[in-house]
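Trainee: Please take me closely through one part of this model, the surroundings of the ligand. I would also like to know how the annotated binding sites are placed.

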Amino acid sequence: MNIVLLGAPGAGKGTQAQKLVADYGVAHISTGDLLRAAVKAQSKLGKEAKGYMDAGQLVPDQLVIDLVKERLEEDDAKKGFILDGFPRNTDQAVALDGELEAMGVNLDAALLVDVASEVIISRLSSRRTCKDCGYTAPAGVDTCPRCGGEVYQRDDDKPETIARRLDTYKNQTEPLVEYYGGHGILKTVDGDRPVDEVYADVKTLLGL
Ligand code: AP5
């Protein structure tokens, strides 16, 4: 299983990826998680990325492309991978195609988790994220259901930043729906239903 997850911020990409990883043991490559880990570690990359993330903008392409290339070369990605939050624009998609071709690997599907903007705003305003493992959960959860760690509200889950992230998605990421449609690998799931119903359809669409 080598797939790309597409969808607006808060559509449920991470939630569906967590379930696929638990059931099928593939690598979950979330550029958002990788960047947040770099920010937490105060690495050079983290310091450079933080301003863009807090502003709801994309981190410069080359930084993210290098991060993904390195991650795809790790052993666990050989069993299959879910790219969550990458690619985010056409230049990143073209870079990914080149990297996968060089690795002799095919992309099986680009799965769009489709959710209306009104639903997104309320989901993101109430989302809680684990400080330790990055697990995402709805409001009302005090500790992480996966590792027991402390949960917090992400800096970019504030209303004004959510609006900017949605604009960034519309202008830069949504064109990838057409890109992957043109490659004949686009699949779309209605993400505005209970998590397990969405997941059942995801598995059917991916032939699992
Ligand atoms: P990133 O972390 O990728 O954020 P995002 O794309 O905005 O996606 P989210 O993690 O916010 O949402 P999600 O779709 O995973 O939803 P989730 O499952 O958590 O990126 C953050 C920033 O990093 C970017 O703004 C950018 O600056 C930078 N960045 C990252 N990648 C980059 C790249 N490639 N290039 C450049 N910059 C990059 O669900 C949301 C909430 O809804 C949760 O509370 C969840 O419990 C709940 N939920 C999920 N599904 C359902 C459901 N079916 N019903 C009800 N509630 C649900």
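Mentor: What follows goes from the ligand and its contacts to the annotated sites, set by set. The model is predicted, and the distances and areas below are computed from it.

Start with the shell. The ligand is surrounded by 34 residues, and T15, Q57, R127, R165 and R193 are the closest of them. Sorted by class, the shell holds 14 nonpolar, 11 polar and 9 charged residues. Four elements each contribute at least two residues to this shell: helix 1 (13-24), helix 2 (31-40), helix 6 (117-126) and strand 6 (136-137). Helix 2 gives the most, with 4 residues.

Next, the polar contacts of the ligand. A polar side-chain atom of R127 sits 2.6 Å from a ligand oxygen atom. For K13, an N or O atom of the side chain is 2.9 Å from an oxygen atom of the ligand. G10 takes part through its backbone, where a polar atom lies 2.8 Å from a ligand oxygen. As for cover, the ligand taken alone exposes 1,100 Å², and the protein buries 92% of that.

These three residues reappear in the annotation. An unreviewed UniProt entry lists G10, A11, G12, K13, G14, T15, R127 and R193 under "binding site". Among them, T15 belongs to helix 1. T15 has a relative accessible area of 24%, so it counts as partly exposed. That value counts only the protein chains as cover, and T15 is also one of the closest residues to the ligand.

A further set carries the feature name "binding site" in the unreviewed UniProt entry: T31, R36, Q57, L58, V59, G85, F86, P87, R88, Q92, R154 and R165. This set covers a span of 135 residues in sequence, and its farthest two C-alpha atoms are 24.6 Å apart, so the residues do not all gather at one spot. F86, from this set, is included in the lining of the largest cavity. Q57 and R165, also annotated here, are among the residues closest to the ligand.

Two places connected with this set can be described further. L58 is in the loop that runs between helix 3 (44-54) and helix 4 (61-72). Its relative accessibility is 18%, and L58 therefore counts as buried, the limit being under 20%. R154 makes a side-chain polar contact of 2.9 Å with D156. D156 is placed in the loop between strand 7 (151-152) and helix 7 (159-173). With a relative accessible area of 10%, D156 is buried.

The cysteines come last. The unreviewed UniProt entry also gives "binding site" for C130, C133, C144 and C147. They span 18 residues in sequence, yet no two of their C-alpha atoms are more than 8.5 Å apart, so these four gather at one spot. From this set, C130 and C133 help to line the second largest pocket. C133 is located in the loop between strand 5 (128-130) and strand 6. At a relative accessibility of 28%, C133 is partly exposed.

To put the annotated sets side by side: the cysteines gather at one spot, whereas the set that includes L58 and F86 does not all gather at one spot. The set with G10, K13 and R127 includes the residues whose ligand contacts were given above, at 2.8 Å for G10, 2.9 Å for K13 and 2.6 Å for R127.

Methods:
Residues numbered from 1 in each chain as written. Predicted model: local features only at pLDDT ≥ 70, side-chain atom pairs only at ≥ 80, totals over all residues. Heavy atoms only, no water. Near = heavy atom within 4 Å. Polar contact = N/O pair within 3.5 Å; in protein donor to acceptor, adjacent residues only side chain to side chain. Areas by Shrake-Rupley, 256 points an atom, 1.4 Å probe, with all protein chains shown as cover. Nonpolar A, V, L, I, M, F, W, Y, C, P; charged D, E, K, R; others polar. UniProt positions renumbered as here; feature names shortened; annotations may be inferred. 1 Å grid on protein atoms, 1.4 Å probe; cavity = no way out; pocket = protein on both sides within 12 Å on 5 of 7 lines; lining within 4 Å. Buried < 20%, exposed > 50% of the residue type's maximum accessible area, 1.4 Å probe, protein only.
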